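Below is a short set of questions and answers on one structure. Each answer works from a value to a conclusion.

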Amino acid sequence: MPVILHIETSTDICSVAVSQDSAVIFQTDNLPKEKEGEQANVSKGTNHASVLGVMVDEALSFTDNHAIPFDAVAVSAGPGSYTGLRIGVSMAKGIAYARDLKLLAVPTLEALCVPVLLVHDDLPEDALVCPMLDARRMEVYTALYTRALRPVVDVAPVVVDEKTFEEHLNEHPIYFFGNGAEKCKAVIKHPNAHFFDGVPLLAKYMSPLAEKKFLREEFADVAYFEPNYLKEFQATTAKKLL
C-alpha cells in the first residue's frame with residue numbers, strides 16, 4: 001500500500017497526516033484541545049499560510065527520519081474556504097513537483113463523511129449522510145450520500161430552509177454534520193432529520209479515499225489541477241434543494 005502525505009485546509013482547521021499501509025502513522029492539526037468543562041473551538045481567521053508550512057515540515061521530518069519514502073500527496077479538493085484551498089493546493093503541488101510524487105485530489109465533503117461512517121457503523125441500511133460546510137448566513141456547501149458514499153445529490157451551494165432535502169427526508173433518515181449543520185437544526189425539523197455534533201474535518205480522514213484513488217490510478221495533474229471553489233455561488237442564485 002502507498003505512503004501518502006495528506007493536507008486539509010478547506011475550513012478553519014488546518015491539518016496534515018501521513019498514512020502507510022492504510023494506517024495513519026503521523027498527524028498534526030491546529031484543533032484546540034478541549035479544556036475541562038468546555039467544548040473545543042477553532043478560532044476564526046487562522047493563518048493557514050504560516051501554520052501549514054510548519055506542519056508539513058514536521059511530517060516530512062518524521063518520514064525522512066524513519067526512511068519512509070512517499071508515493072503521493074493528497075489534498076482536500078473542495079468545496080471550502082477559497083483562501084484555505086489555494087494554500088493547501090499550492091503546498092501539495094509544490095511537494096509533488098519537488099519530490100516527483102503523484103497528486104491525489106480528495107473531495108472535501110466525502111472526507112468529512114469518513115469519521116461519521118467509522119464511528120457510527122450501526123446507522124440504518126437506508127440512511128443517508130449529509131456533510132455541511134458553513135458558507136454564510138443560512139448558506140452551506142453540501143451533498144447527500146449513501147453509507148457507501150454513493151452520491152444521491154451532487155455537491156452544491158444551498159440556502160437552507162424548512163424544505164431542504166424534504167423529498168429525501170420523507171423516505172430516508174438523514175444524518176447532518178459538519179460546521180454548517182449547527183445552524184440548520186432550528187430550520188430542518190423533519191422527524192427523519194438527525195444531527196451529529198463535533199465532527200471535525202481532519203487530514204487523517206482523507207486516508208481511505210486517497211488510497212482508493214491511488215490504487216485506481218486516479219491522479220490529478222500537478223500543473224493544471226484546481227480545487228472546487230464553487231465560483232458560481234452567489235447569495236441571490238444559490239441553489240435550493242427541495
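Q: Does Phe219 count as buried, partly exposed or exposed?
A: This is a predicted model. Buried requires under 20% relative accessible area, and exposed requires over 50%. Phe219 has 32% relative accessibility, so Phe219 counts as partly exposed.

Q: Which class of aromatic pair do the rings of Phe214 and Phe219 form?
A: In general, a pair of aromatic rings is described by the distance of the centres and the angle of the planes. The centres must lie within 6.5 Å, and planes over 60 degrees apart count as edge-to-face. For Phe214 and Phe219 the centres are 5.6 Å apart and the planes stand at 70 degrees, so the pair is edge-to-face.

Q: Which residues of α5 are buried?
A: Helix α5 covers residues 207-215 and lies across β1, β2, β3, β4 and β5, at about 130 degrees to β5. Its buried residues pack against these strands and against α3 (108-119). Just after the helix, Glu217 takes a positive phi of about 60 degrees. The buried residues of α5 are Ser207, Leu209, Ala210, Glu211 and Phe214.

Q: In what order do the five strands of the open sheet lie?
A: The pairing in this sheet is mixed. Its edge strands are β3 (23-29) and β5 (102-106), each of which pairs on one side only. Neighbouring strands are turned by 20 degrees against each other on average, direction ignored. The order is β3-β2-β1-β4-β5.

Q: Which residue in β4 is the bridge partner of Ile7?
A: Strand β1 spans residues 3-8 and strand β4 spans residues 72-76. The two run parallel and are joined by four bridges. In β4, the partner of Ile7 is Val75.

Q: At what angle does helix α2 run to β4?
A: Helix α2 is made of residues 82-99 and lies across β1, β4 and β5. Angles are taken between N-to-C directions on a scale from 0 to 180 degrees. For α2 and β4 the value is about 170 degrees.

Q: How many residues apart in sequence are the parts that the pair of Phe176 and Phe195 ties together?
A: The structure holds six aromatic pairs. The pair of Phe176 and Phe195 is stacked, with 5.1 Å centre to centre and 25 degrees between the planes. Phe176 belongs to strand β9 (residues 174-177) and Phe195 to strand β10 (residues 193-195), so the parts tied together are 19 residues apart.

Q: Which residues do ring pairs link into a cluster with Phe165?
A: One candidate, Phe176, is buried at a relative accessible area of 0%. Another, Phe195, is partly exposed at 21%. Ring pairs link Phe165 into a cluster with Phe176 and Phe195.

Q: Which backbone nitrogen does the side chain of Asp161 reach?
A: Asp161 is found in the loop between β8 (151-159) and α4 (166-169). Its relative accessible area is 15%, so Asp161 is buried. At 2.9 Å, its side chain reaches the backbone nitrogen of Lys163.

Q: What share of the contacts in the chain with a separation of 6 or more comes from residues 24 or more positions apart?
A: The chain has five helices and ten strands. Of its 242 residues, 50% count as buried. Its accessible surface comes to about 12000 Å², with 49% belonging to carbon and sulfur atoms. The share of those contacts from residues 24 or more positions apart is 67%.

How values were computed
Residues are numbered from 1 along each chain as its sequence is written. This is a predicted model: local features need pLDDT of at least 70, side-chain atom pairs count only at pLDDT 80 or more; totals for chains, interfaces and linings use all residues. Side-chain values use heavy atoms; hydrogens and water are left out. Two strands pair if DSSP finds at least two bridges between them. Contact means heavy atoms within 4.5 Å. Buried means under 20% relative accessible area, exposed over 50%, partly exposed in between (1.4 Å probe, protein chains only). Rings of Phe, Tyr and Trp (its six-membered ring) pair if their centres lie within 6.5 Å; planes under 30 degrees apart count as stacked, over 60 as edge-to-face and the rest as tilted. A polar contact is a pair of N or O atoms within 3.5 Å; within protein, one must be able to donate a hydrogen and the other to accept it, and residues adjacent in sequence count only if both atoms are side-chain atoms. Accessible areas come from the Shrake-Rupley method with a 1.4 Å probe; for residues, only the protein chains shown count as cover.
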